[in-house]
Amino acid sequence: NRLEHDIVLNRFKPLWKHHPDIDDDDEECAKRQVDQMLTVALKSLETTKDGNTVKAFVMGKTRTYFRAGTLEYLENERVKALSSWAVVVQSVGRRCISRSRFTRGRKVAICVESLIRMFLVRRRFLAERRATIQMECWCRCILAERLLLRLRRNYKATLLQTHWRMAMAATRFRAHRRAA
């Protein structure tokens, strides 16, 4: 199995946290990055033969050559990482959906509570207004009754005074007529 250095970097670089971040387009730089990354990533696949450590890959000038099973191991690790990232993305998506549902539900609950409070306050206001109108009506009735009694009393007094003046005028008139 063989892949070019830039393909190896693009495919497997996000999988290991301890990789150098060098952004050069230099072939040697890419080769060093791939070597460092794969040395860390494939440490578990190294074997020892006759006291020498045999790596699971060999670096060429433009390509990386993998021993049998090494590329499959890297692909499996990549699939595991992608699936764990998919779980993270799904959880973020579910959280966003749940948050939007919660926010929408909270807005609806606040609106319903506001309408209920408005209905209760309006009902209490209307009851108080009816009671106030009845009290005002009762007070106006009492004041009107008192005014009517005062006017009746004044009318009777005025009537008495009128009859008294008429009687006095008639008496004076008769006295003047007799005197004449």
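Of the 180 residues in the protein chain, 14% are buried. The model discussed here is a predicted one. The accessible surface of the protein chain comes to about 14,900 Å², and 59% of that area is supplied by carbon and sulfur atoms.

The overall dimensions help in getting to know this chain. Its C-alpha atoms fill a box of roughly 175 × 30 × 25 Å along the principal axes. The radius of gyration of the protein chain is 54 Å, whereas a compact globule of 180 residues would have a value near 16 Å. Charge is part of the picture too: the protein chain carries 38 positive and 19 negative charges, and the mean positions of these two groups lie 37 Å apart.

A look at the secondary structure comes next. The protein chain contains 3 helices and 5 strands, and their order along the sequence is β-α-α-β-β-β-β-α. Helix 1 covers residues 5–12, helix 2 covers 27–41 and helix 3 covers 70–179. Among the strands are strand 1 (2–4), strand 4 (57–59) and strand 5 (63–66). As for contacts in the protein chain with a separation of 6 or more, 62% of them join residues 24 or more positions apart.

Helix 1 is a good place to begin a closer tour. Its buried residues are His5, Val8, Leu9 and Phe12. These residues sit on the same side of helix 1, because they cover an arc of only 100 degrees around the axis. A general feature of helices fits this arrangement. An α-helix has 3.6 residues a turn, so residues three or four places apart point the same way. The partners of the buried residues of helix 1 come from several elements: they pack against strand 1, strand 4 and strand 5, and also against helix 2 and helix 3.

Strand 5 contains Thr64. With a relative accessible area of 0%, Thr64 falls under the 20% limit and is therefore buried. Beyond residues up to four places away in sequence, Thr64 touches His5 and Val8, which are also listed as buried residues of helix 1. Further contacts of Thr64 are made with Asn1, Arg2 and Leu3, with Val34 and Leu38, and with Phe57, Val58 and Met59.

Trp16 lies in the loop between helix 1 and helix 2. This residue is buried, its relative accessible area being 15%. Neighbours within four places in sequence aside, Trp16 is in contact with Met37, Ala41, Leu74 and Glu77. Trp16 and Val40 are 24 residues apart along the chain, and 8.3 Å separates their C-alpha atoms.

Helix 3 offers two residues to set side by side, Thr70 and Lys156. Are they buried or exposed? Thr70 is buried, with a relative accessible area of 2%, whereas Lys156 is exposed, at 55%. Once residues up to four places away in sequence are left out, Thr70 touches Leu42, Leu45 and Ala56. For Lys156, a distance gives a sense of place: its C-alpha atom is 127 Å from that of Glu27, a residue 129 positions away along the chain.

Key: Residues are numbered from 1 along each chain as its sequence is written. This is a predicted model: local features need pLDDT of at least 70, side-chain atom pairs count only at pLDDT 80 or more; totals for chains, interfaces and linings use all residues. Side-chain values use heavy atoms; hydrogens and water are left out. Helices (H or I, at least four residues) and strands (E, at least two) are DSSP runs, numbered from the N terminus. The radius of gyration is taken over C-alpha atoms; the globule rule is 2.2 Å times the number of residues to the power 0.38. Buried means under 20% relative accessible area, exposed over 50%, partly exposed in between (1.4 Å probe, protein chains only). Contact means heavy atoms within 4.5 Å. Accessible areas come from the Shrake-Rupley method with a 1.4 Å probe; for residues, only the protein chains shown count as cover. Lys and Arg count as positive and Asp and Glu as negative; His and the chain ends are not counted. The place of a charge is taken as NZ of Lys, CZ of Arg, CG of Asp or CD of Glu. The arc is that of the directions from the helix axis to the C-beta atoms.
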